[in-house]
Amino acid sequence: MPHVLIVDDDENTREALKEITLAEGFTTAVAGTIRDAQAQIARQRPDVVLIDLRLPDGNGMDLFNDIEARATTEIVLITGHASVETAVEALRLGAADYLTKPINFKRLKALLSRIPRTVDLKEEIGVLRSELRRLGHFGQMLGAAPAMQKLYNHISRVAPTEATVLLLGESGTGKELAAQTIHDLSLRQKHPFLPVNCGAISPQLIESEIFGHEKGSFTGADRQHKGYFERANGGTLFLDEITEMPIELQVKLLRVLETGSFMRIGSNQEIETDVRVVAATNRDPEQAVADGKLRLDLYHRLNVFPLKIPPLRERGADIELLAQHFLDELNAAHGTSKVLSPDGLACLSNYHWPGNVRELRNYMQRAFILSDHTIDAAALAPVITTQSPVGLTLAIPVGTSLADVDRKLIYATLELCGGVKKRAADILGISLKTLYNRLEEYGPYEPGMTKKEETQASGGGESLH
């Protein structure tokens, strides 16, 4: 049976917490000071520690260092003097969550419900994960490169906590897989994991999709709709392309992160939700703040635990590992036994992969279709050599407006990709929806358009070559 240690100098609070934890199936010990808590920890290792921030003989966070088995002990800070700074500091020191006084007992019960009841099983799972990781498998992710092993270390530390995670990395690196892995390794794994691409939802609909709406709240709202925050209750909400969320909606998102409550459109009744947020962007977030794409206060709230997903070109032998994995999947799906030749592997390893893992998967599928039994360089090279961006440059005169730079770059990238919008979006690091929105604003792309524009702008000389 799991064990809870309650550390609070208020006797009424201790008794109330003790009653709840006993009812939830835990054995319970109590302490009123840090010294008493240290004695209780020496007697029995707790699975959960509920620690008051202010104690007669010190700060509750001072007790963190006395808890040795941090990987299997969940620490929850309790405070009547909450602030974002306090919460962030507690989470960084290893707290799984924090509760404010007066304590929301419903939220406490939800937190306790996520604590595993069998420690032995938890340890066995840990051993199995270590072996799979050695082979390059980590949750939903695949890769054995040093950069990936470092990422796995960080995910292992942050996943069991309630810290908000911000995933950074180029398009196609696998940010959603990383978010799914964080969820799968967390105490929320039995609850929903809901991914939301903020750049793929119309600005007119995104508030309704995220927070929900009441029947009749706007034209076309013919029924009540539960948003992502409501449907993800108890689980994890993955907000991809967070910088594409309308700036006015970011204020409401910040409020949910700070209070755990929101209102549906057309309602004045607050709904409480217990959701962990993992956000992601392929932009530089600080530049997005400078460009007015991301609120500074929201950035600080999301950036509690930033994780950088390495691009495929920095992962060395992982290219071969991933290529073989995708080929194994295709062979299993089609009942074939195709193989990669050594020159085919060399061809893959020498390419820079601007579209990262997503691009590699697509290449392998195309080469699989084109090949009979052996996938060699001949099946791969035509795609790789004709789409490599090496040697293509775009000159931008000083004084050009940012809007014109954006437009010229999009047209030039489409020129590079032969008008293939999906590939252009991958190289630009934006969603396909965002690219279509830009083209709707700038006008449709036509082959040769960029060269013609640049020729006109420079008085006859070509700057795209």
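Leaving aside neighbours within four places in sequence, Asp 52 is in contact with Val 7, Asp 8, Asp 9, Gly 60, Ile 78, Thr 79 and Lys 101. These contacts are taken from a predicted model, and the residue at their centre carries an annotation, since the UniProt record, an unreviewed entry, places the feature "modified residue: 4-aspartylphosphate" at Asp 52. Within the fold, Asp 52 is found in strand S3, which comprises residues 48–52. With a relative accessibility of 5%, Asp 52 counts as buried, because the limit for that class is set at under 20%.

The burial of Asp 52 is shared by its strand, as five of the five residues of S3 are buried and the strand is mostly covered. Val 48, Leu 50 and Asp 52 point one way from S3, whereas Val 49 and Ile 51 point the other way, and all of them are buried. In a regular strand, side chains alternate between the two faces of the sheet.

Strand S3 belongs to an open sheet of five strands, arranged in the order S2-S1-S3-S6-S7 with parallel pairing. The edges of this sheet are taken by strand S2 (27–31) and strand S7 (97–100), each of which has a single partner strand, so that one side of each is left without a neighbour in the sheet. On average, and with direction ignored, neighbouring strands of the sheet are turned by 20° against each other. On one side of S3, the parallel pairing with S1 extends over four bridges, and in this pairing Val 7 stands opposite Ile 51 of S3. On the S6 side, five bridges join S3 to its parallel partner S6, where Ile 78 stands opposite Asp 52. Val 7 and Ile 78 are thus named both in the bridge pairings and among the contacts of Asp 52.

Further towards the S2 edge, strand S1 (residues 3–7) pairs with S2 in the parallel sense over five bridges, and the bridge partner of Val 7 in S2 is Ala 31. Two helices are placed against this part of the sheet. Helix H2 (residues 34–43) packs on the sheet and touches S1 and S2, its direction making about 150° with that of S2. Helix H1 (residues 11–23) lies across S1, S2, S3 and strand S6 (74–79), and runs at about 165° to S2.

For the chain as a whole, 20 helices and 18 strands are assigned. Of its 465 residues, 48% are buried, and the accessible surface comes to about 22,500 Å², of which 51% belongs to carbon and sulfur atoms. Among contacts between residues at least 6 apart in sequence, 69% join residues that are at least 24 apart.

Aromatic pairing was examined over the whole structure, and the search finds eight aromatic pairs. One of them is formed by Phe 211 and Phe 262, a tilted pair with a centre-to-centre distance of 6.0 Å and an angle of 35° between the planes. This pair links distant parts of the chain, with Phe 211 in helix H8 (residues 206–211) and Phe 262 in strand S13 (residues 261–262), 51 residues apart. Both partners are buried, Phe 211 at 3% relative accessibility and Phe 262 with a relative accessible area of 3%. In the pair of Trp 353 and Tyr 363, the ring centres are 5.0 Å apart and the planes stand at 55°, so this pair is tilted as well. Trp 353 lies in the loop between helix H14 (342–349) and H15, and Tyr 363 lies in helix H15, so the pair ties together parts that are 10 residues apart in sequence. Trp 353 counts as buried at 0% relative accessibility, and Tyr 363 is buried with a relative accessible area of 7%. Ring pairs also link Phe 211, Phe 229 and Phe 262 into a cluster.

Helix H15, which spans residues 356–370, also contains Asn 356. Although Asn 356 is not a glycine, its phi is positive, at about 60°, and its relative accessibility of 0% places it among the buried residues. A positive phi, of about 50°, is likewise found at Glu 241, which is not a glycine either. Glu 241 is located in the loop between strand S12 (236–240) and helix H10 (247–259), and Glu 241 is buried, with a relative accessible area of 8%.

Terms used. Residues numbered from 1 in each chain as written. Predicted model: local features only at pLDDT ≥ 70, side-chain atom pairs only at ≥ 80, totals over all residues. Heavy atoms only, no water. UniProt positions renumbered as here; feature names shortened; annotations may be inferred. Buried < 20%, exposed > 50% of the residue type's maximum accessible area, 1.4 Å probe, protein only. Contact = heavy atoms within 4.5 Å. Pairing = 2+ DSSP bridges. Axes fitted to C-alpha atoms, helices over the stretch in contact; angles between N-to-C directions. Areas by Shrake-Rupley, 256 points an atom, 1.4 Å probe, with all protein chains shown as cover. Phe/Tyr/Trp six-rings, centres within 6.5 Å; stacked < 30°, edge-to-face > 60°.
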